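User: I'm new to this structure and would like a close look at one part of it. Could you take me through the largest pocket and then what sits around it?

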Amino acid sequence: MKINSQTLIQGKNVCLVPYYPHHVQRYHEWMQSEELRAQTASEALTLSQEYQMQQSWQQDQDKCTFIVLDKQSWEDAQCSEIDSMVGDVNLFFNDPDDPHAAEIEIMIADGQCRRKGFGSEALQAMMFYGITKLNVQRFVAKIGLDNNPSICLFNKLGYEKISINKVFEEMTLQFSTTTENIKLLKDSTDHFNIS
């Protein structure tokens, strides 16, 4: 999405940066993992296809993607941005009946970075950005039924189950921007800086 092509979102432990070509090689390395592809419902792509996908995501007005960085590593002068990468977070505006709804996804690809709060903070940052900059009023997450850590993460953030699709073996959860949910999100995101 062009609107976020120059955006940096900084939290306490993560930074979100736009997905650029220099990130593709590391992203492609992550996606060689069958486990990650299964958890993200992704297909194996060649490196060339991954570069094409990155360009598509950057240009497509229906997708908003950020790379998640470990802020401590990113601020370390001896550590490159690529070495700070831990995952990605995405919004997809794919509901033709509701232009203010976005499907949200998170992937913390680096196994050593899981269960450290990066996923939670990245999701909150993306939700904050979606509400304040993209006018999102409803977030939807589709998670594999066997991905219990992700289901728990979204539940902790206030998402509620709205359906189960047994054919695709996935659960759909929703976060509505009610006054109460917005207050809870604002309380947990007051430290975010968007530049």
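Analyst: Here is a walk through the pocket, one of its residues, and then the sheet, the rings and the cavity.

A quick note before we start: this is a predicted model, so local features need pLDDT of at least 70, side-chain atom pairs count only at pLDDT 80 or more, and totals for chains, interfaces and linings use all residues. Residues are numbered from 1 along each chain as its sequence is written, and side-chain values use heavy atoms, with hydrogens and water left out.

Now the pocket. Rolling a probe the size of a water molecule over the atoms shows where empty space is left. On a 1 Å grid over the protein atoms alone, a pocket is an open set of points with protein on both sides within 12 Å along at least five of seven lines, while a cavity is a set where a 1.4 Å probe fits but cannot get out; lining residues have an atom within 4 Å of a point. Grid points are joined across faces, edges and corners, and a volume is the space filled by probe spheres set on the points. The largest pocket comes to about 1400 Å³. Its lining takes in 48 residues, and Gln39, Thr40, Ile106, Asn147 and Ser150 lie nearest the centre. Two or more lining residues come from each of α2, α3, β4 (85-92), β5 (101-108), α6 (118-133), β6 (138-144) and α7. Helices (H or I, at least four residues) and strands (E, at least two) are DSSP runs, numbered from the N terminus.

Let's zoom in on Thr40, which belongs to helix α2 (residues 34-40). Its relative accessibility is 21%, so Thr40 counts as partly exposed; buried means under 20% relative accessible area, exposed over 50%, and partly exposed in between (1.4 Å probe, protein chains only). Leaving aside residues up to four places away in sequence, Thr40 touches Met31 and Met107, where contact means heavy atoms within 4.5 Å. The side chains of Thr40 and Ser42 are joined by a polar contact of 2.8 Å. That term covers a pair of N or O atoms within 3.5 Å; within protein, one must be able to donate a hydrogen and the other to accept it, and residues adjacent in sequence count only if both atoms are side-chain atoms. Thr40 and Ile143 are 103 residues apart in sequence, yet 8.2 Å apart in space, C-alpha to C-alpha.

Strands β4, β5 and β6 from that lining also sit in an open, mixed sheet of nine strands, ordered β7-β8-β6-β5-β4-β3-β2-β1-β9. At its edges, β7 (160-165) and β9 (193-194) each pair on one side only; strands pair if DSSP finds at least two bridges between them.

Helix α3 (residues 47-59) carries Trp57, while Tyr27 is in helix α1 (residues 24-30), 30 residues apart. These two form an edge-to-face aromatic pair, 6.3 Å centre to centre with 85° between the planes. Rings of Phe, Tyr and Trp (its six-membered ring) pair if their centres lie within 6.5 Å; planes under 30 degrees apart count as stacked, over 60 as edge-to-face and the rest as tilted. Both Tyr27 and Trp57 are buried, and ring pairs link them with Tyr19 and Trp30 into a cluster.

Lastly, Trp57 and Tyr19 also help line the largest cavity, along with Met1, Asn4, Ser5, Pro18, Gln58 and Thr65. That cavity has a volume of about 70 Å³.
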